Amino acid sequence: MKQDMIVILDLGSTENTVVARQIRDMGVYSEIHPHDITPEELGKLENVKGIILNGGENRVVDGEEVVVLDVLYDLGIPMISIDYPQSKCEKQFSALPTEEEMKAFVFDVCKSEANWNMKNFIADQVEIIRRQVGDKKVLLALSGGVDSSVVAALLIKAIGKQLTCVHVNHGLMRKNESENVVEVFGKQLDANLVYVDATDRFLGKLEGVADPEEKRKIIGSEFIRVFEEEARKLEGIEFLGQGTIYPDIIESGTKTAKVVKSHHNVGGLPEDLQFALVEPLAQLFKDEVRACGVELGLPAEMVYRQPFPGPGLGVRCLGAITRDRLEALRESDAILREEFAKTGLDKKVWQYFTVVPDFKAVGVRNHERSMGYMVVIRAVNTIDAMTASIERIDYDILENICARITAEVPSVSRVCYEITPKPVATIEFE
Ligand code: XMP
């Protein structure tokens, strides 16, 4: 390992990630570990320069106070504690140390080097991946989202053709999305890429299904099925690559924190198709994943793209999906994205998209009454997607988008702008 590390032991703090970020922002790598880590486990983490005992309000679990093993104090590794009164550290803080205090510990006491950067991270991971995988083969579900794209690029750099990427086009992708995956990974990065156009299969299964949760279930299970079929066609795969990132792991709960959500992965594969996992981004925060993608040479549109739900346009083509409404949705969404990029709103707004409800509204075309679809524009800002506010888009921009959509998508007769924050509304319509 090329990087020095500060280990944060979770003794019931709710701010472990804040401390980890503070240290990484100083250019020093840091990881959060459970309070009962053993000297052997610590020994396996290379280059540990210091330990922070991070206490807090969740220090009592099932009536018992959590403590670190006494032997840790004898390892000769510099330690401080935060809100953990029973520690035997030389320096004890009752609240988060200031930046100056933290820097004094990390650099003056621990003598850490500020060598946490993406070049070193990538070099380390390439070595670790090669060690883990050897000459075996790895399979990766490449959706084209940020995490799977960055994992793919990293694995291609580490093991090249030992990686097979499978891209399933469920027919609910945005305009040109699958084409871009083929262009970037298949052509530019010369990856082993299996492209599966399963549009007819997904739309067939979804025909007449109006219930949002039912639609999600069908899309999710069909995805697993298609992926499984492709996996069975390949020989000698022993590993599955995954775009798990640090928040996924932290949100799965540490020993003192409550479980926020269970760790998502391509679960649901049958018993005989269980692979060992390769998760090279498991220690990165989202912005670090993006920085890693940039360092690996991925296009900015791919690395900085807005979040896109797994079920894709399926939950924005409201009610039972029809091909013509899906087409109106895909085209109007592409126009919206183009105009946002032109006006710089793409860099400002967290998530923006169009939605097409399942009814027609009256319009006038060529001096005749005609029925057309209604396109709804949604543009929201949020920190964590739990609450969201709407973006106050300039009327000139909105009117221009409306003019383009109604001119370029003939099946549309109306365009609306939705102004409800979350709560009361959710970000998506279904
Ligand atoms: P809501 O609609 O719950 O959305 O306010 C919050 C965020 O989650 C995304 N979202 C999904 N992502 N599968 C996903 O991968 C889904 O089924 C799903 N539903 C909502 C949504 O786009 C927003 O960013």
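**Exercise 1. Find the ligand's polar partners.**
Which side-chain and backbone atoms lie close to oxygen atoms of the ligand, and at what distance?

*Solution.*
Step 1. Start with Gln351: an N or O atom of its side chain is 2.8 Å from an oxygen atom of the ligand. This is a polar contact (a pair of N or O atoms within 3.5 Å).
Step 2. Go to Lys422. A side-chain N or O atom of Lys422 is 2.6 Å from an oxygen atom of the ligand.
Step 3. Check the backbone. Ile427 places a backbone N or O atom 2.7 Å from an oxygen atom of the ligand.
Step 4. Add the area. The ligand taken alone exposes 500 Å², and the protein buries 69% of that. Areas come from the Shrake-Rupley method with a 1.4 Å probe; for residues, only the protein chains shown count as cover.

The model is predicted: local features need pLDDT of at least 70, side-chain atom pairs count only at pLDDT 80 or more, and totals for chains, interfaces and linings use all residues. Residues are numbered from 1 along each chain as its sequence is written, and side-chain values use heavy atoms, with hydrogens and water left out.

**Exercise 2. List the surroundings.**
Which residues are around the ligand?

*Solution.*
Step 1. Apply the cut-off: one heavy atom of the residue within 4 Å of the molecule.
Step 2. Read off Arg216, Pro309, Gly310, Pro311, Trp350, Gln351 and Ala385.
Step 3. Continue with Lys422, Thr426, Ile427 and Glu428.

**Exercise 3. Place Arg330.**
Is Arg330 buried or exposed, and which residues does Arg330 touch?

*Solution.*
Step 1. Locate it. Arg330 lies in helix H12 (residues 323-343). Helices (H or I, at least four residues) and strands (E, at least two) are DSSP runs, numbered from the N terminus.
Step 2. Arg330 counts as buried because its relative accessible area is 16%, and buried means under 20% (1.4 Å probe, protein chains only).
Step 3. List its contacts (heavy atoms within 4.5 Å). Leaving out residues up to four places away in sequence, Arg330 touches Gly171, Leu172, Met173, Arg174, Lys175 and Leu313.

**Exercise 4. Inspect helix H1.**
Which residues of H1 are buried, and what follows the helix?

*Solution.*
Step 1. H1 spans residues 16-25.
Step 2. Its buried residues are Asn16, Val19, Ala20, Gln22, Ile23 and Arg24.
Step 3. Gly27 follows H1, with a positive phi near 90°.

**Exercise 5. Describe the chain.**
How many helices and strands does the chain have, and what percentage of its residues count as buried?

*Solution.*
Step 1. Count 14 helices and 17 strands.
Step 2. Of the 430 residues, 50% count as buried.
Step 3. Among contacts between residues at least 6 apart in sequence, 76% join residues at least 24 apart.

How values were computed: Polar contact = N/O pair within 3.5 Å; in protein donor to acceptor, adjacent residues only side chain to side chain.
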